Amino acid sequence: MYHQLEEPILLYLLLLIPVLVALFLFQVYWKRKKQKEFGDLELIKKLSPTKSRFKPALKFFTVLIALVGIILALVNPKIGTKMETVKRQGIDIVFALDISKSMLAEDIAPSRLEKSKQLISQIINSLGNDRIGIVGYAGSAYPTLPMTTDYSIAKMYLQNMNPNMVSSQGTALNDAINLATTYFDAVDTSKLIILVSDGEDHGDGAEQASEIAKEKGVKIVTIGVGTPNGGTIPIKGDNGVVAEYKKDNEGNVVITKLNPEILQNIAENTKGTYIEGNVTKTVLEQLKNVLDNIEKTEFEAQEIAEYQTQYQWFIGVAFFLLLLDIFFLERKTAWLQKLNLFNEK
């Protein structure tokens, strides 16, 4: 049985309960104290023989439980009571995102890296039942997200990617391709790597890695983000303001440029496609054509928990108790008085 809370923060409202109980007990104490000041308690009871000592507490705790029910209804607990097996048809896609410092260049607004994230996010939004994974790379590659069909989780991981996640800088395209290729665990599924980069490769073997990917039935689509004229690499301080620009060993400001040739070669080696990534609409249109021409295969039967809201039970109990409270009078109930359950005689 699976469960989740839609608005768990509202559980803090339950802190009102002990406060209300404390106020009620103080009110009972204060009333009893005042009665003692007016006269003998036993004499006061005889002056109001039909008044129940138990009913006020009963009314209070009835309203209190109703309040708890309303709070829990606002929290809206959900229970996964229904499980069904679903078979999906699609392809396996691994996004390999360049997070080297050259991707911080702002020749493409707001920066190459942020533009790349926007592109991948829009691509994910256009997908159907495809499984996706994410690889990040700079001087080396590292797995960011394993294969999943949870697109919201994928986009959350995507937005958190930045150059600080890797210790070695550079752009090792071969490592990115080799690691992405290991993501494909199913033999019969169609496999696609979407590699997003500015093409500045500081490693060796990118074309060899693409050949190995081709042998494993993996197609690579490369997306180049940047401009031929290039741009500087800003280095920002803790306040987010540009403090300086990256310089080489001789003290000259580094200009990083888009290198489409290597990206085109990688794509051609796997019979894939190179796409210029500066215009989102163009990227989506060209990629759609690629995806439409890839055979969709059936993969993994997944168990999906369909969460059903349970707030109606809590709100129902709350309204029933509030309705019941209306009929609770503070005088003694005749038939209960005969039973003397609460020792009120």
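The exercises below treat helix packing and nonpolar cores in this predicted model.

**Exercise 1.** Determine how the axes of helix H4 and helix H9 are oriented where they approach each other, and which residues meet.

*Solution.* Begin with the axes: those of H4 (residues 112-126) and H9 (residues 280-292) come within 10 Å and cross at roughly 40°. That angle makes H4 oblique to H9, because an angle counts as roughly parallel when it is under 35 degrees and as roughly perpendicular from 65 to 115. Next take the handedness, which is right-handed where H4 passes H9. Finally list the residues: Lys115, Leu119, Gln122 and Ile123 of H4 meet Thr280, Val283, Leu284 and Leu287 of H9. By character, the residues of this contact comprise five nonpolar, two polar and one charged.

**Exercise 2.** Describe the largest nonpolar core, and state which element gives the most to this core.

*Solution.* The largest nonpolar core has 34 residues, and Ile93, Ile194 and Ile223 are those with the most contacts inside it. Among the elements that give two or more residues to this core are strand E3 (92-98), strand E6 (191-197), strand E7 (218-224), H4 and H9. It is H4 that gives the most, with five residues.

**Exercise 3.** Trace the contacts of Ile223, leaving aside its neighbours within four places in sequence.

*Solution.* With those neighbours set aside, the residues in contact with Ile223 include Leu119 and Ile123, as well as Ile194, Leu263, Ile275 and Val283. Of these, Leu119 and Ile123 lie in H4 and Val283 lies in H9, where they also take part in the contact between the two helices. A second, separate core has 25 residues, including Leu173, Ala176, Phe184 and Ala206.

Terms used: Residues are numbered from 1 along each chain as its sequence is written. This is a predicted model: local features need pLDDT of at least 70, side-chain atom pairs count only at pLDDT 80 or more; totals for chains, interfaces and linings use all residues. Side-chain values use heavy atoms; hydrogens and water are left out. Axes are lines fitted to C-alpha atoms, for helices over the stretch in contact, and angles run from 0 to 180 degrees between N-to-C directions. Helices (H or I, at least four residues) and strands (E, at least two) are DSSP runs, numbered from the N terminus. Angles under 35 degrees count as roughly parallel, over 145 as roughly antiparallel, 65 to 115 as roughly perpendicular and the rest as oblique. A crossing is left-handed if the near helix is turned anticlockwise from the far one by less than a right angle, and right-handed if clockwise. Contact means heavy atoms within 4.5 Å. Ala, Val, Leu, Ile, Met, Phe, Trp, Tyr, Cys and Pro count as nonpolar, Asp, Glu, Lys and Arg as charged, and the others, Gly among them, as polar. A nonpolar core is a set of buried Ala, Val, Leu, Ile, Met, Phe, Trp, Tyr and Cys residues joined through side-chain atoms within 4.5 Å. Buried means under 20% relative accessible area, exposed over 50%, partly exposed in between (1.4 Å probe, protein chains only).
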